[in-house]
Amino acid sequence: MEIKNVKGTKDLFGNEIANFQYLNSIMSQICELFSYKEMRPPVLEHTETFVRSVGEGSDVVRKEMYTFLDKGNRSLTMRPEFTAGIVRMIVQNKLYATEVLPIKAYYCGPVFRYERPQLGRYRQFNQFGIECIGGNSLYYDAEVILLGYCILSSIGLDNVTIKINTLGDDESRENYKSALKDYFKDKIDLMCDDCKNRYEINPLRILDCKVNEDQKVVKDAPKMRDYLSQASKNRFEQVLKVLDGLQIKYEIDDNLVRGLDYYSETVFEFHLTSKAGNDYGAIGAGGHYDKLISQFGGPNLSGVGFSFGLERLVSILFDNNEEVRENDAEIFVLPMEEKYNSNAIQLSLSLRINGYSTNVNYENGKLSSSIKKAVRANAKLALIIGENEIESNTIIVKNLVDEKQEEVKLDDLSSYLHSLLRHHHHDSDKCECCYGDDDCENHHDERD
Ligand code: HAM
């Protein structure tokens, strides 16, 4: 029987890998500009890490965690998100005592949720996210949203909708929850089973229900904004004012409550429909939290952060034709007989040291089929090593794009390749003062 991948997981290869790497690299660079440093919590945590933080009442903890007993009978969980692990790590290592606050962490890696797989929804998916922990200003909420916005526009996604809401402080939320309970009391019997559960555990989550009939009932429910304490109201207004000042557009969404229990005050989501019309759900989401650090036994600090779903972003890049392409080896070395393989392995090493990605055809074979293989692999040049070339210390360089070929002395190979492939080596060619701006007066004369 053929063995297939686990339902809800995805094999990544080819261009898709190139796109994940591209996203990770751009996102990390922008995070570093905002003074964030990478942190890597483990995939496996004690189940308690998530139960305590994400919340017993959340769908994630109730239904979606990959939890098992290990051989030592410990209950472990494969992380369904990063925030809890990052906070656990900061508290356990007392980073709040040794680092300048706020601690700014970014992270990237796979997370696991037992959800029903569908478009943009997997059981193993990748998140890239940030947490800003121990800051004492509402500006951090705005700056975190700004950082998310910068990341998305730097990958060409600038028509993003930012949905934002406030969940207020504890007191506001408790008042609001009882107002919701009152409102839904005589309606809940007609609503879905999930909502019936939510009514008992956390009525806020009813607002998030996707069932059409239920949404009609939700429409007229009391609004959070009418139950906010003065402090929470002011805080939210100020966050919005900072975003206005930054000209970041947002939509206030009264029903945005988020599925994880640790949030208070600002919550937000990034939404975008691809050019092909596909809506993959939120491409990223996050918010502010006040109790998480103390719940893990740390001091009374707050935090704010978000995570992007990388699979969703890659799908959007694909739909929008904004994909980056996989980088193929530029050079294919073709030794014509097995006895020249040792020359080929030496030559390819020095090419690689000089920064050219290089492939070698150690299977030898006929010239025509070797060339075909190099063309299929998208190489730009084939370097052919045969008897004549070995005798005369030369090599044949065949341009696979225009099919011209030339015999080149091995001593001259380096400068010959440089002149042929320099277009493909932008970075090393670019003038350091301007990185290739055409108007720069310092440009080297030989640049074209
Ligand atoms: P979340 O909303 O659960 O938040 O997940 C963040 C993002 O992960 C979503 O917006 C979505 O893009 C992606 N995502 C979620 N579930 C799936 C899935 N099954 N398949 C594919 N992508 C998915 C969090 O995880 C919080 N830790 C965010 C945060 C950070 N809040 C504060 N700091």
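Visitor: Hi! Are Phe-270 and Phe-308 buried or exposed?
Guide: Both Phe-270 and Phe-308 are buried. Keep in mind that this is a predicted model.

Visitor: Which aromatic cluster do they belong to?
Guide: Phe-270 and Phe-308 share one aromatic cluster with Phe-268 and Phe-306.

Visitor: Let's move to aromatic pairs in general. How many are there?
Guide: The count comes to 13 aromatic pairs. One of them is Phe-82 with Tyr-107, which is stacked, with 4.3 Å from centre to centre and 20 degrees between the planes.

Visitor: Where in the chain do those two sit?
Guide: Phe-82 is in the loop between β4 (75-78) and α4 (83-92), while Tyr-107 belongs to strand β5. The two are 25 residues apart in sequence, so their pairing ties those parts together.

Visitor: And are Phe-82 and Tyr-107 buried or exposed?
Guide: Phe-82 is buried, and Tyr-107 is buried too.

Visitor: Back to Phe-270 and Phe-308 for a second. Why is that pair called tilted?
Guide: Their ring planes stand at 50 degrees, with the centres 5.4 Å apart, so the pair counts as tilted. This pair also links distant parts of the chain: Phe-270 is in strand β9 (residues 266-271) and Phe-308 in strand β11, 38 residues apart.

Visitor: Cool. What lies over the face of Tyr-114?
Guide: That's Arg-123, at 3.8 Å from the ring centre. Elsewhere, Arg-52 lies over the face of Phe-296, at 5.9 Å from the ring centre.

Visitor: New topic: helix α1. How many residues does it have?
Guide: Helix α1 has 19 residues, running from 15 to 33. From its first C-alpha to its last it reaches 27 Å, close to the 27 Å expected at 1.5 Å a residue.

Visitor: Which of its residues are buried?
Guide: Quite a list! Among them are Phe-20, Leu-23, Ile-26, Met-27 and Ile-30. Asn-15, Asn-19 and Ser-28 are buried as well.

Visitor: What covers them?
Guide: The cover over the buried residues of α1 includes strands β5 (103-112), β6 (124-133) and β11 (303-309), along with helices α6 (139-154) and α12 (310-319).

Visitor: And what follows α1?
Guide: Ser-35 follows α1, and its phi is positive, near 70 degrees.

Visitor: Last one: how many bridges join β15 to β16?
Guide: Five bridges join strand β15 (residues 394-399) to strand β16 (residues 405-409), and the two run antiparallel. For instance, Lys-398 has Gln-405 in β16 as its bridge partner.

Visitor: What do the two strands form, and what's in the turn?
Guide: β15 and β16 form a hairpin with five residues between them. In the turn, Glu-403 has a positive phi of about 65 degrees.

How values were computed: Residues numbered from 1 in each chain as written. Predicted model: local features only at pLDDT ≥ 70, side-chain atom pairs only at ≥ 80, totals over all residues. Heavy atoms only, no water. Helix = DSSP H or I, 4+ residues; strand = E, 2+ residues; numbered from the N terminus. Expected span 1.5 Å × (residues − 1). Buried < 20%, exposed > 50% of the residue type's maximum accessible area, 1.4 Å probe, protein only. Contact = heavy atoms within 4.5 Å. Phe/Tyr/Trp six-rings, centres within 6.5 Å; stacked < 30°, edge-to-face > 60°. Lys NZ or Arg CZ within 6 Å of the ring centre and 35° of its normal. Pairing = 2+ DSSP bridges.
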